[in-house]
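Please work through the exercises below with the sequence and the 3D structure open beside you. Each task is followed by a solution that goes step by step.

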Amino acid sequence: MATKKQIILPIIVLAIGIAGLVGISALKKPPEEKPVVDTTPLVSVEAIEYKPMTFSVSSYGVVAAKYDTELVAQVSGEIIYLADKFVKGGFVKKGDILAKIDPSDYEAGLLDSQANVASAKANMVQERANGEVALREWAEITSSKPTALSLRKPQLAQELAKLKSAEADLLRSHRDLERTVIRAPYDALISSREIGLGAYVTTGSKIGHIYNTDTAEIRLPLADKEMQYLDQKGTHSEVTLMGNFAGSKQQWQGKIVRSEGVVDSKSRMTYLVAEIEDPYGLKTDKNELRFGTYVTANIQGSNAGNVAVIPRHLIVNGLVAIMDSDNTLRYKPVKIIRQEGANVVISEGLDPGMEVITSALDYPLEGMKLALPVDKILQDEPIETDKTEIAMEGK
C-alpha cells in the first residue's frame, strides 16, 4: 500500500510541469500578421505640351561654281604674255587680261582688210559716176526709156556686193585681232592653266579652266516623301549650310532657287539646287565657302502649327497609353504627321496636359488602376511616422 509520500510527490511533479508549460506558453509571441501587398503597377508619365513648329528637311551636297568655263584659243599664234594672276588658285576680275597671242599677223590682216574696203568704196564711187554718164548719153541719143543694163545698174550692184564683202572681212580682222587678247569673261577663280609663255596655240587649243566666284551652287538630294514638308516644293526656301573650314564648324545662308524636275533613276532622289552669293567673301565680309566643300543642309519647310513631339515607341497601332485623372489606363488614337528619328510629331488625339505613360507595362489592360512612384512614397510616409511615434512612447 502506497505511502502518503509516494502519492504526493507525483502530484507535485505534475503540477510543476503544468505550471512550466503555462509559463512557456505565456512567453510565446502571437504570430505577426502579414502586411497587405499593394500590386498596383507603378508608371512614369510625361505631360503633353503643344508648341508651334516649322518643319525642316535635312540634306547634303558638294559646293560647286554656278558657271565654269573652259578657255580655248580662238586664233592661232605664239603666247607672248601671261598675267601673274593667271595661275591655279588665282582670282581675277571680269575683263582682266589673262594672256596675249602674238598679234602681228592679225594687225597686218586688219590693214589688208582696211585697204580692201577703201578700194571697194572707190570702185563703188566710180561705178556710180559711170551710171550717171550713161544716163546722160542715153538721153542725148534717144527719148526712149533706158534699160537697167544701159545705165550700168548690174555693175553698180556688183561693186556694192564687193564693198559689203570687204566690210565683212574688215569686221573679221578686227575680231581676230581682239581675240589675240584673252580676257576673263567674269569674276573668276583660276582652276587650271594649260599653256606656258612662248607656247604656240591653234584655234581650239585649251588655254585654261575658270570658276565663277559670284555664285556657288549645291545640289541637294531629297527623298520624295520629304517634299511634302516644303512650301512650293522647296523653291525660294531658306537653307542653312554647315561644314568645316580651317578646322572649325562654319555656317552659311543660302536659298533654294530651283528643282531639277526629275527623279534620279539610280538614287530615286529629287534634287533641289541651292545658291550662295559671293562664296569666297570677295565682295562682302563673310565666311569663305570653297568649291568642293562637303556640306550638310537644313532646308526651312512649311509651318506645322501647334504640335507635340513624343517618342515613336510609345505609339502602338496608332494608339498612345495615357493615365487619366482617375489614375486609370486609357488608350487614345493620335494623328501622326511626321517621323523625326526616334520621335514622331502629332497634331491631334491628345489634349494639352494629358499624362502619357513613358514606362513599360507587363500586362496592360485598359481601365486598370495605375500609380506613380511619388504616390507610393506618400502612402508609405504615414506608416513610418506611426512607427516613430510608437518607438518614442516606448522610451
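**Exercise 1.** In which sense do strand β17 and strand β18 pair, and over how many bridges?

*Solution.* Begin with the source of the coordinates: this is a predicted model, in which local features need pLDDT of at least 70 and side-chain atom pairs count only at pLDDT 80 or more, while totals for chains, interfaces and linings use all residues. Residues are numbered from 1 along each chain as its sequence is written, and side-chain values use heavy atoms, with hydrogens and water left out.

Next, recall the terms: helices (H or I, at least four residues) and strands (E, at least two) are DSSP runs numbered from the N terminus, and two strands pair if DSSP finds at least two bridges between them. Now locate β17 at residues 319–323 and β18 at residues 329–333; the two pair in the antiparallel sense over 5 bridges. One position to look at is M323, which stands opposite L329 in β18. Finally, follow the chain through the turn: β17 and β18 form a hairpin with 5 residues between them, and N327 in that turn has a positive phi of about 55°.

**Exercise 2.** Describe the hairpin that β19 and β20 form.

*Solution.* First find β19 at residues 335–340 and β20 at residues 343–348, which run antiparallel and are joined by 5 bridges. Then look at E340, which stands opposite N343 in β20. Between the two strands lie 2 residues, and G341 in the turn has a positive phi of about 65°.

**Exercise 3.** What is the strand order of the open sheet that contains β3 and β5, and which strands are at its edges?

*Solution.* The sheet has 4 strands in the order β3-β10-β8-β5, with antiparallel pairing. Its edge strands are β3 (68–72) and β5 (91–92), each of which pairs on one side only. To check one edge, follow β5 to β8 (residues 188–193), with which β5 pairs in the antiparallel sense over 2 bridges; here F91 stands opposite L189.

**Exercise 4.** Which strands does β2 join, and by how many bridges?

*Solution.* Take β2 (residues 51–65) and β15 (residues 294–311), which run antiparallel and are joined by 11 bridges, with M53 standing opposite G305. Then turn to β11 (residues 215–222), which is joined to β2 by 3 bridges, again in an antiparallel arrangement; the bridge partner of V63 in β11 is I218.

**Exercise 5.** How do helix α2 and helix α3 pack?

*Solution.* Helix α2 (residues 104–141) and helix α3 (residues 153–178) pack at an angle of about 160°, with their axes 8 Å apart; axes are lines fitted to C-alpha atoms, for helices over the stretch in contact, and angles run from 0 to 180 degrees between N-to-C directions. The two helices, α2 and α3, are therefore roughly antiparallel to each other, a description used for angles over 145 degrees.

**Exercise 6.** Where does pLDDT stay under 50, and how many contacts beyond four places in sequence does the model have there?

*Solution.* Recall that pLDDT is the predictor's confidence in each residue, from 0 to 100. The protein averages a pLDDT of 85, and 87% of the residues score at least 70. Over residues 383–395, however, pLDDT stays under 50, and the model has 0 contacts (heavy atoms within 4.5 Å) beyond four places in sequence for them.

Key: Parallel < 35°, antiparallel > 145°, perpendicular 65-115°, else oblique.
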